[in-house]
Structures are given as C-alpha cells and as structure tokens.
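Me: I have a model open and want a close look at one part of it. Take me through the side-chain contacts, charged and aromatic, and tell me which stretches to read with care.

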Amino acid sequence: MMKTLIKTSGLMLAAVLVMSCASDGTDLFNGKDLTGWTVYGTEKWYVEDGILVSESGPDGEYGYLGTEKNYKNFELTAQFKQDQDGNSGIFFRSNFEGTKVSGWQVEVAPPGDDTGGVYESYGRGWLIKPDPEKDKNLKFGEWNDIKIRVVDDHVTTWLNGVEMIDYSDEKIGEGEGQLALQIHSGGGLKISWKNIKVKEL
C-alpha cells in the first residue's frame, strides 16, 4: 500500500512539474539582443543589463517592436517598469505599414490612464476600459506583472494578479497578426521590459 502511495505521489508530482514547465511558455526576449523582433519607426529599442528598454528617440514619434511571428490564440506574460512617463502598450493580432498599425492594444499607461484596457488602433478606439478603482494595482516606477490571454474572440487581462478586463468581440475573433510593444509619441518616454513569454493555446 505504501509503495503504491509513493508511486502515485511521484507520478502526480511529475505531472505537476511538467504542467508547470509548460505553463511558462516560450521566451520572446532572450535578454541579449532583439533576435526575433522587428523595429518599426525611429524610436529607441535596446538591451541594457538583460533588460529590454524602449525610449523616445529624437523624432518623438510612435515606435513599435513587433514579433517576426504571428500569434492567434495565446497567453502572454511580461514585466514592465515605467521609468519616465510610461505611455506604452502591448499589441496583438496586429499588422504594420511603417508605423501605422492595425490591430488591438492592451494599454500600458501612467496612473489614471486605463492600463489593462483594450484599444483598437485606426478603428473604433477604446473598446473597454478597466474599472477606475482597479488602477490602484499599477505600481508606477516599479516592476509590474501583466498577463494577456486571447482565445478566439475573447480577451482577458491581468495586472499584478488582478483581472482588469474580460471582453469578447467578433472583430477581434477574426483578427490575425503579430504581437508588438509600443512606445507612444510625444517624447520623454522610457519603459523597461523583461521576462516576456508567450504560450500558444
């Protein structure tokens, strides 16, 4: 009986470990360079001490760092820190013509500006904003955890473990394209990123 329990416990532990490893996903950022990404625009994207840094360039325009690969259904996790200002975002199912992007953005913004909401670029604009009370979960100037889950027409976002929005939209369900990080126009922005992982669903 004891041997059976030990064996069963061992199998259960192995299964948990396998599930845990699988849930970690694939690293989109290798901590060294921009391999696997494409830069759109003239804003600055560079790696410093293992951190991916996005910073306004001399033009102070929109800039993007897009994946070379398209992702349909996925769960993305990342950490970000708003070093200066911090108006940024994570695009999904998006396509680029220069610095014009069509698709959807999960907002990453300064306090009070709807981090975790979903915005449709060059389309309908804001689709959903989080409850303003949830904005207190944003830690400006510190590292934050963000998670985005997109399955068919359904989008859910979390900030520091708190669900921000849960939203379904037919047009999103029809979308195809890249993931991308954004730096907003206007100049004076600096946002750092690390531990960017994606798991295809």
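Reply: Start with the weak stretch. This is a predicted model, and over residues 4-9 the pLDDT stays under 50. Residues 4-9 have zero contacts beyond four places in sequence. Residues 11-22 also fall below 50 in pLDDT. That second stretch has one contact in the model beyond near neighbours in sequence. For the protein chain as a whole, the mean pLDDT is 89. A pLDDT of 70 or more is reached by 89% of its residues.

Now the charged groups. The structure holds 10 salt bridges. Look at Arg124, which has two of these partners here. One is Glu120: the closest N and O atoms of Glu120 and Arg124 are 2.6 Å apart. The other is Asp169, at 2.9 Å from N to O. This second pair ties together distant parts of the chain, 45 residues apart. Arg124 sits in the loop between strand 9 (118-121) and strand 10 (125-128). Asp169 sits in the loop between strand 13 and helix 2 (170-174).

How exposed are these side chains? Glu120 counts as buried because its relative accessibility is 3%, under the 20% cut-off. Asp169 has a relative accessible area of 9%, so Asp169 is buried as well. Arg124 has 42%, so Arg124 is partly exposed. The bridges do not stop at these three residues. Shared partners join Glu120, Arg124, Asp169 and Lys171 into one network.

Another salt bridge pairs Glu133 with Lys136, where the closest N and O atoms are 3.1 Å apart. Lys136 has 63% relative accessibility, so Lys136 counts as exposed.

Next, the rings. There are eight aromatic pairs. One of them joins Tyr119 and Trp126 edge-to-face. Their centres are 5.4 Å apart, with 80° between the planes. Tyr119 is partly exposed because its relative accessibility is 29%. Trp126 has 30%, so Trp126 is also partly exposed. Elsewhere, Tyr40, Tyr62, Tyr64, Phe91 and Phe96 form one aromatic cluster.

Two lysines also lie over tryptophan rings. The charged end of Lys147 sits over the ring of Trp158, 4.4 Å from its centre. Lys194 lies over the face of Trp143, at 4.3 Å from the ring centre.

Then the nonpolar side chains. In soluble globular proteins, nonpolar side chains tend to be buried together. The largest nonpolar core here has 36 residues. Phe74, Phe92 and Trp193 touch the most other members. Several strands each supply at least two residues of this core, including strand 6 (74-84), strand 7 (88-97), strand 8 (100-108) and strand 15 (190-200). Strand 11 (144-151), strand 12 (154-159), strand 13 (162-168) and strand 14 (178-183) do so too.

Zoom in on Phe74. Beyond its neighbours within four places in sequence, Phe74 is in contact with Phe92, Ile148, Arg149, Val150 and Leu179, among others. The list also includes Val198, Lys199, Glu200 and Leu201. A second, separate core has six residues, among them Tyr64, Phe91, Phe96 and Val101. Tyr64, Phe91 and Phe96 also belong to the aromatic cluster described above.

Key: Residues numbered from 1 in each chain as written. Heavy atoms only, no water. Core = buried A, V, L, I, M, F, W, Y, C linked by side-chain atoms within 4.5 Å. Buried < 20%, exposed > 50% of the residue type's maximum accessible area, 1.4 Å probe, protein only. Helix = DSSP H or I, 4+ residues; strand = E, 2+ residues; numbered from the N terminus. Contact = heavy atoms within 4.5 Å. Phe/Tyr/Trp six-rings, centres within 6.5 Å; stacked < 30°, edge-to-face > 60°. Lys NZ or Arg CZ within 6 Å of the ring centre and 35° of its normal. pLDDT = per-residue confidence, 0-100. Salt bridge = Lys/Arg side-chain N within 4 Å of Asp/Glu carboxyl O.
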